[in-house]
Amino acid sequence: MAMNTSTPKQTSHLKREILVRLIKAYLSDDFAENTRLIPYDMRPKGSEVPYRCCIHSERAILRDRAIAGLGFSIEETEDSTLLSELANKAEKRDVPEQQPLTVLTTACKGCVPSRVYVTDLCQGCVARPCVNTCKFGAISIQNGKSVIDPAKCKNCGMCVQVCPYQAIQKIIVPCESACPVGAIAKDENGHAKIDFEKCISCGKCASACPFGAVHEKSQIIDVLKNIKAGKKVIAMIAPAMIGQLPCTAQQLKEAIMKLGFADVYEVAQGADITTKNEAEEFEERLMKGAEFMTTSCCAGYNELVDRHIPEMKPFRSDTKTPMYYTAEIVKKEHPDAVTVFFSPCVAKKREALNNPNTDYVLNYEEVGAWFIALGIQVTECEGKEFKTESSAEGRNFCVTGGVAKAVQTLLPEDLPTHPVVIDGLTKQSVRDLKKYAKNGVCDLGNLIEIMACTGGCLGGNSTVNAMKPALKQVTSYVNSSKSIKEQVSGTEQVKQ
Amino acid sequence: MDKKISVKVCLGTTCFVMGSSNLQELIETVPAKYGDRVEVSGVPCLGLCSIDWEFSKAPYVKVDDEVIKEATVEKVLKAIDEKLNK
């Protein structure tokens, strides 16, 4: 079984522990000094060295991870800069950094560049299909076994496929292999590097790296600072948040308010507007003879279209995302508020940079770490009701297929609607999308929902709960909610 | 073999965020593997994380009286097997 988002990982444990320690440091009487001490507190003198060669290396890597937790780029920070200096800098910062991902290159060292490799299973057979199939003449027989000449090998993998003993293996680089757009690769020193011109911020590399080398730059200090300053900070929780912790939505709301938030809005509220507008838009487009339309709520997909498939733009819905509408409502109701979007993935950090109504983004690992730092037990909260009741369909946006299903609910039955779901972006699905855009037609259907993550937002790179229980919890919440049909018949349609 | 082994998976907020979210599968897989020799349940905070910096050793699982720190599915199954083979 391949490692995926919900596979338990020691790297997640480390990243979360650092976040908890950073939050505790921020809330202590000496933020800078207690931040500087994090690597030493985690690996005190004489402690075990679980992962690296020595205690110094462990501490150095923990320091680098803390840099990302403070919201800075690990690559661009000088080795001599103290964490205490960075803590002070983070406290003074007004806006988060542009690129939400950063790579801890020293953690990349354990990972070899992608190559094809003959294992001991090679039987030195007479048929020699590997030698015969190699177009580059890279394989020869030495001492009765196949040997690959690295100078000639192009990593095509043909020999891997033809070996009757499965003796030839391709060693992959997990981040390179997970990236759907070829934006991350090892450089000449063997360090992974992100090409930010290509990167769509989907976070797949962060989930895939077994060394936990890819980090999100956290905005947790920025949010803590605003709360400490007494600002009216409002949380907007994306639908996937409901599945993250073993409690009710109302208990979660109260727990979030205990962190210091003035109010909590469900982004499902904005999802309801997305559904209504997108349904209208789809009908209109179809009437005008459009072949197909794609959804536009996934930030990773939107980045993909903008950066790699511009020819898809005419087919992508012009409807805004649930985050957009929710943030608009919050700022209208509370012009003085600081808004924080609670996100299952890193891509929303990019989206928020272009949205003046969303000030900050926190992911679920960061929110979870904050609960730990303050010792909040979500199940012990009584529960607070949400002011606006969102629909079942809006609350189901985080489940793969949920967006297309919501839109379909509001479409006339006689409209020829054929929903298709692209459940996760891969190199293959990106090729497929390019084909649909180029040909101007999709043979699988006309309402295409695209989710960058497998399973939808519940499979986001920074979720806390495993997919199965999260889905169960969201589904039971959805089933207890009213259909969007009742909302539409009850009130006038909200138009952007 | 007379007494049932009790497995308590802490589902308090700290343990949940630090990884017991991934231990929930034990609640289904353990009865399937061991039948009624083992009793497994998810429990509210066991209170082990609140002392000092002990959150960093979460998630916690209790197998009878034995506390498993930084619990994983493998560690819990190993502890059950050891108790059953005693």
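Visitor: What phi does G230(A) take, just after α10(A)?

Guide: A positive one, of about 80 degrees. Helices (H or I, at least four residues) and strands (E, at least two) are DSSP runs, numbered from the N terminus. This is a predicted model, in which local features need pLDDT of at least 70, side-chain atom pairs count only at pLDDT 80 or more, and totals for chains, interfaces and linings use all residues. Residues are numbered from 1 along each chain as written, chains are lettered from A and ligands numbered from 1 in written order, and side-chain values use heavy atoms, without hydrogens and water.

Visitor: Is helix α10 of chain A mostly covered or uncovered?

Guide: Buried means under 20% relative accessible area, exposed over 50%, partly exposed in between (1.4 Å probe, protein chains only). In α10(A), residues 220-228, seven of nine residues are buried. Among them are I220(A), D222(A) and N226(A).

Visitor: In what order do the four strands of the open sheet lie?

Guide: Two strands pair if DSSP finds at least two bridges between them. Here the order is β10-β9-β12-β13 in chain A, with parallel pairing. β10 (263-266) and β13 (360-363) of chain A are the edge strands, each pairing on one side only.

Visitor: How many bridges join β9 to β10 in chain A?

Guide: Four. A235(A) stands opposite V264(A) in β10(A).

Visitor: Which strands does α10(A) touch?

Guide: Contact means heavy atoms within 4.5 Å. α10(A) packs on the sheet, touching β9, β12 (338-343) and β13 of chain A.

Visitor: And which strands does helix α14 of chain A touch?

Guide: α14(A), residues 322-333, packs on the sheet and touches β9, β10 and β12 of chain A.

Terms used
Axes are lines fitted to C-alpha atoms, for helices over the stretch in contact, and angles run from 0 to 180 degrees between N-to-C directions.
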